[in-house]
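Colleague: I have the sequence and the model open side by side, and I would like to talk it through with you before I go back to the bench. Could we begin with a single side chain and work outwards from there?

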Amino acid sequence: MEFATAKMRLNEEEEKLSVLVRRKEGYVLEGRKLQEKGLNVLEIMENRTAIENMKELIARQEISVRQAQILADEAAQRLQVAMQESKTHARLKERAFEEFLQEENKREAKEVDELTSYTYGQRIRK
């Protein structure tokens, strides 16, 4: 559950980053069109400011993605350890059950031997 939550958060952060990158690319294209159209200095400056702001947002989002990746990796490691422990417990349980069956078989064999000896002993006395 913890791993799934961490992985989901990582995916959300990566999607946010992707959206920001696409927005920045849109601003870059818009800036090129503005420069081709003519010299409207105010619009070009606003566009450059928007691009710089997007670069900052992207840098922050990349940090968020890295943090989410670290959390997802840690959750994956904990999940792997838990699965190994679960397998170990299952193997130990299986071994204990096998030992129990072996002991039961020995006990039954001993009872059969005792019963056979007793029956044989009764026949000899008669």
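Modeller: Let us start with Glu104, which is partly exposed, its relative accessible area being 23%. Please keep in mind throughout that this is a predicted model.

Colleague: Okay, and which side chain does Glu104 meet in a salt bridge?

Modeller: Glu104 pairs with Arg107, and the N to O distance in that salt bridge is 2.8 Å. Both residues belong to helix α2, which runs over residues 41-125, and because they are three residues apart they are separated by about one helical turn. Arg107 is partly exposed as well, with a relative accessible area of 39%.

Colleague: Which other residue forms a salt bridge with Arg107?

Modeller: Glu111 does, and the closest N and O atoms of that pair are 2.5 Å apart. Here the two residues are four residues apart in helix α2, so about one helical turn again separates them. Glu111 has a relative accessible area of 43%, which means that it counts as partly exposed. Since partners are shared, these salt bridges join Glu104, Arg107 and Glu111 into one network.

Colleague: How many salt bridges are there in the whole structure?

Modeller: A search of the whole structure gives seven. One of them links Glu13 to Lys16, with the closest N and O atoms 3.8 Å apart. That pair sits in helix α1, residues 2-37, where the two residues are three apart, about one turn of the helix.

Colleague: And is Glu13 buried or exposed?

Modeller: Glu13 counts as buried, because its relative accessibility is 9% and the cut-off for buried is under 20%. Its partner Lys16, by contrast, is partly exposed at 44% relative accessibility.

Colleague: Let me change the topic to the overall fold. How many helices and strands are in the chain?

Modeller: The chain has two helices and zero strands. Its C-alpha trace spans about 125 × 20 × 15 Å along the principal axes. The radius of gyration is 37 Å, whereas a compact globule of 126 residues would be near 14 Å.

Colleague: With that outline, what percentage of the residues count as buried?

Modeller: Of the 126 residues, 14% count as buried. The chain exposes about 10600 Å², and carbon and sulfur atoms supply 55% of that area. If you take the contacts with a separation of 6 or more, 76% of them are between residues 24 or more positions apart.

Colleague: Which residues make up the largest nonpolar core, then?

Modeller: It has 10 residues, among them Leu10, Leu17, Leu20, Met54, Ile58 and Val65. Both α1 and α2 give two or more residues to this core, and the largest share, six residues, comes from α2. As general background, nonpolar side chains tend to be buried together in soluble globular proteins.

Colleague: Ala72 is in that core too, so which residues further off in sequence is Ala72 in contact with?

Modeller: Once its neighbours within four places in sequence are set aside, Ala72 is in contact with Phe3, Ala6, Lys7 and Leu10. Phe3 itself has its place in helix α1, and it is partly exposed, with a relative accessible area of 31%.

Colleague: Which residues join Phe3 in a nonpolar surface patch?

Modeller: Leu79 and Met83 do, and the three make a patch of about 250 Å².

Colleague: One more area, around Ile44. Which residues does Ile44 touch beyond those up to four places away?

Modeller: Ile44 touches Leu34, Gln35 and Gly38. Ile44 is found in helix α2 and counts as buried, at 12% relative accessibility. Its C-alpha atom is also 6.3 Å from that of Gly31, a residue 13 positions away along the chain.

Colleague: And where does Glu15 lie?

Modeller: Glu15 lies in helix α1, and at 44% relative accessibility it is partly exposed. The C-alpha atoms of Glu15 and Val65 are 9.4 Å apart, although 50 residues separate the two along the chain.

Technical notes:
Residues are numbered from 1 along each chain as its sequence is written. This is a predicted model: local features need pLDDT of at least 70, side-chain atom pairs count only at pLDDT 80 or more; totals for chains, interfaces and linings use all residues. Side-chain values use heavy atoms; hydrogens and water are left out. A salt bridge is a side-chain nitrogen of Lys or Arg within 4 Å of a carboxyl oxygen of Asp or Glu. Buried means under 20% relative accessible area, exposed over 50%, partly exposed in between (1.4 Å probe, protein chains only). A nonpolar core is a set of buried Ala, Val, Leu, Ile, Met, Phe, Trp, Tyr and Cys residues joined through side-chain atoms within 4.5 Å. Contact means heavy atoms within 4.5 Å. Patches are made of residues with over 30% relative accessible area and no salt bridge: like charges are joined within 9 Å, nonpolar side chains (Val, Leu, Ile, Met, Phe, Trp, Tyr) within 5 Å. Accessible areas come from the Shrake-Rupley method with a 1.4 Å probe; for residues, only the protein chains shown count as cover. The radius of gyration is taken over C-alpha atoms; the globule rule is 2.2 Å times the number of residues to the power 0.38.
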